[in-house]
Amino acid sequence: MVNRAFVLLLMLGLAGSASAVNVSLAQIDASRLLLTQKVDLYVSVTDEEGRPVRGLDRGAFRISESVDGRRFSEARRLEGFKPQAGAEEGITFVLLIDNSGSMYDALDGRPTQEPSRMRITQAKEAVRSFLRSMTSPRDRVGLAAYNTFYQPLSRPGQDRERIAGLLEDIQRPQPDQAYTELYASLTLGAREFAGAEGRKAVVVLSDGENYPYARYAGKPHPVFKSKIYQYTEPIRLCQEEGITVYPINYGREKDRRLQNIALETGGQVFDARDREELAGVYRRIHEQVAGEYRLTYRATMEPAERKYVRVEVQSPGGRASAARFYFASTVFGLPLAALGWWLLAPLLAACLLAWLATRLRLESRKGPARLQVLQTRIGYASTRAIPLGSSKTVIGGSPKADLTIAGAPSVRGEHATVLYDPKSRSYTIVAGGDLLVNNQPVKTRKLEPGDVIDVGGATIVFDDGEV
Amino acid sequence: MSTMVRRLILLGLGFLAGAAVWPVAELTLFFQARFPTYLLFLALLGAVTGALMGGFLGLAEGITSRVKARIPSGLAWGALAGCLGGAVGLLAGQAALWLIAGLALRSYRSFQTVVLPVSRAIGWAVLGIFVGCGEGLRAGSPRKAGVGMLGGLLGGLAGGFVLEYTRLLFPSLAFPRLAGFVILGLAIGAFYGLIERGLAHGVLRVLAGALKGKEFLLNQNRMRIGSSRRNEIALAAYEGLAERQAQLRVRRGEVYLINLEPKLPVLVNERKIQEHKLKYGDVIRIGPARLFYKYE
């Protein structure tokens, strides 16, 4: 019954008025995605005058996901629904001030020499009253001006006094700065929100149409080159980043597209001739944030770097939709396009090789008796290992020695000699200089397997070759 | 078996681990859409990746120690630690990825070159940390686990960065993930070996007998020496020494050798000792075995 009444109301709404609703996805909170698979959406629904539409129930919303932004899934089931959910969020503003030559004319369009009658003076005054009207301590505000060039003055911060002071830095432009890069500046202004959380809004004070340099000066712009920004660019960027645009018109000439930009991003156009209305801009924005709906749904598992979410609203005032994406890339990235049996090859090869490695016999082999140089503290040895001959082996500094320890001054020419006794099949070392075996000084000693001989800093092991 | 050979074996096993992980990870990734939640999907993906990495690297101790019994236990402990760690690691890495990427995405769209590689590398590093601690768990040594974790962290970080930037620089590479897993395995193996050596209190080299040439890293605060295979320094092929003959203790950075069986002598530089502070160049004799204590 309730449903039927709603449908009736809906039809009446659609048929009875040309009024439109506008929906914007103010924020996607996917921070719970990993643990709960749920995503929260903060959705702002406004009427054609930018006032929040209240009283919609969960049936009015339809959420779907897409991996490419074109083909969307079937509607996802709503797991949670809360109206008036954005109550006390901080808002980050970027104020964008038109600083073209015409801003130095009077409001009626006539030239004036009196600063107090100039549009720029009134615009600055409007900004000051805007700054004064900001009540929440969580709010942040940044400032930029534009004409032919985009002039960033301050990134968003909490110091409003500083922003008010920076207004004085906005100087009357040179004649060659007579162009108005409105769309380019909106796009760049939307990028000033680096790292900002919560709600984001651009307030742009403008007194005329987009008048790009590259089109009307007949040569490339010094910064943007031959690129001419379309009004769709700030719209796309702002939609993706959840930024709302509030244009304030000065003078008679308006940029018609500002209306589109405001509507598509969930904002509203204000007219500067009405000062009371201007002072209410801030209050309006707060109201809009407070009126947001929070929708919770279960995310799909389709692999994608970014997932697009679309919210469709059916209200008595009409229907509208908005899409934004959130980041859904996983640590290992996207899957292969297709699987094949060849994929198993590296796994099998690796297992086989690892099995072979475990069969390795790393034990040392039997060999001839030898002397092995482990390390030399001073100088260097002629070879790392020498087999012990049948009679005698000389260790020393002389090049004629069997094992030469060169570059060590304390090593004598024939420092030590290893003698073989065929009868007992044993080796004996005889000192010709200071000799240590197992760190004990010796003159003559029968060598045992593993004995450590020190010849003037060279460490040599006697290896009988047995295992 | 010198420490250099051990490092090469670690490197080789790391390479094989990477090659083995790839097909299994691809298979899991391919069926992402079939999983009910990211939690389950990533936990399983991490578990299989970690189990294979940990299992392969867990073979190293068994191969290099020549104690065959350590092969299955090393495999099992490595796989278990890797499995748990991989699941936790990948989830933590994913959380880091989404956190960082989410913060960056709020403001900037062109984050392909910095944010994505950095946060993914963090994910790989967390995975590496857990894969690295398997051997420490098998040996019941917190120090060894810590060393492995540090090695795994550095390896994962290095491997992750190389993978991500390889992918960026060579977008036409057929299987960047295969290269990535192999680099990750190699990096974990390499850093494990390096850190293990860098934080060890020297090396004991066997000078004679069956284990001639083998080098034992002093990488735990307590290491036992004896004929039983359960000892960290297992001299199983030698006769004439007790099952648990001696032990090495590390106190304030110094290594002490303590004889546990006074009836059978332990000699350092030809002199009987009960407890002895080792210095580099000392020659230890335990039964028929000779050990040389050196820095490297």
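Student: Okay, ground rule: a residue is buried if 20 or more other C-beta atoms lie within 10 Å of its own, exposed if 12 or fewer, and partly exposed in between. So which of those is R319(A)?

Tutor: R319(A) is partly exposed, because 16 other C-beta atoms lie within 10 Å. Keep in mind that this is a predicted model.

Student: Got it. Where does R319(A) sit in chain A?

Tutor: In strand β13, which covers residues 318–327 of chain A.

Student: And which residues does R319(A) touch, leaving aside neighbours within four places in sequence?

Tutor: R319(A) is in contact with E312(A), V313(A) and Q314(A).

Student: How far is R319(A) from L353(A)?

Tutor: Their C-alpha atoms are separated by 64 Å, with the two positions 34 residues apart along the chain.

Student: What about A262(A), is that buried or exposed?

Tutor: A262(A) is buried, since it has 23 other C-beta atoms within 10 Å. You'll find A262(A) in helix α8, residues 256–264 of chain A.

Student: What does A262(A) contact, again skipping neighbours within four places in sequence?

Tutor: V245(A), Y246(A), P247(A), G267(A), Q268(A) and V269(A). Another pair to look at is A262(A) and G50(A): they are 212 residues apart in sequence, and their C-alpha atoms are 8.7 Å apart in space.

Student: Let's zoom out. Which domains does chain A have?

Tutor: The domain assignment gives domain 1 (4–84 + 292–328), domain 2 (89–273) and domain 3 (331–463). Notice that domain 1 is written as two segments.

Student: How far apart are the centres of domain 2 and domain 3 of chain A?

Tutor: 79 Å, taken over C-alpha atoms.

Student: Switching to chain B. How many helices and strands are there?

Tutor: Chain B has 7 helices and 11 strands. Its C-alpha trace spans about 70 × 30 × 30 Å along the principal axes.

Student: What share of chain B counts as buried?

Tutor: 56% of its 296 residues. As for contacts in chain B between residues at least 6 apart in sequence, 61% of them join residues at least 24 apart.

Student: Now the two chains together. How many residues are in contact between chain B and chain A?

Tutor: On the chain B side there are 59, in contact with 47 residues of chain A. The elements of chain B that each supply at least two residues to that side are α1 (3–30), α2 (38–65), α3 (70–105), α4 (115–132) and β11 (289–294).

Student: What's that side of chain B like by class?

Tutor: There are 37 nonpolar, 12 polar and 10 charged residues.

Student: Let me look at one helix of chain A there. How do α11(A) and α1(B) pack?

Tutor: Their angle is about 145° and their axes are 7 Å apart. The crossing is left-handed.

Student: Which residues meet there?

Tutor: From α11(A) you have L344(A), P346(A), L347(A), A349(A), A350(A), C351(A), L353(A) and A354(A). From α1(B) the partners are L13(B), L16(B), A19(B), A20(B), W22(B), P23(B) and V24(B). That contact has 15 nonpolar residues, with no polar and no charged ones.

Student: And how does α11(A) pack with α2(B)?

Tutor: Helix α11 of chain A, residues 344–359, packs with α2(B) at an angle of about 15°, the axes being 9 Å apart. Angles under 35 degrees count as roughly parallel, so α11(A) and α2(B) are roughly parallel to each other. Here too α11(A) passes in a left-handed crossing.

Student: Who makes that contact?

Tutor: A354(A), A357(A) and T358(A) on α11(A), and F56(B), L59(B), G62(B) and I63(B) on α2(B). They divide into 5 nonpolar, 2 polar and no charged.

Student: Last topic: backbone oddities. What is the phi of R425(A)?

Tutor: About 50°, so it is positive although R425(A) is not a glycine. R425(A) lies in the loop between β19 (416–421) and β20 (426–431) of chain A. R425(A) is exposed, with 9 other C-beta atoms within 10 Å.

Student: And what about R252(B)?

Tutor: Phi is near 50° there, a positive value in a residue other than glycine. R252(B) is in the loop between β5 (246–251) and β6 (254–259) of chain B. R252(B) counts as exposed because it has 4 C-beta neighbours inside 10 Å.

Terms used:
Residues numbered from 1 in each chain as written. Chains lettered and ligands numbered in written order. Predicted model: local features only at pLDDT ≥ 70, side-chain atom pairs only at ≥ 80, totals over all residues. Contact = placed C-beta atoms within 7 Å. Helix = DSSP H or I, 4+ residues; strand = E, 2+ residues; numbered from the N terminus. Nonpolar A, V, L, I, M, F, W, Y, C, P; charged D, E, K, R; others polar. Domains from an automatic or database assignment. Axes fitted to C-alpha atoms, helices over the stretch in contact; angles between N-to-C directions. Parallel < 35°, antiparallel > 145°, perpendicular 65-115°, else oblique. Left-handed = near helix turned anticlockwise from the far one by under 90°.
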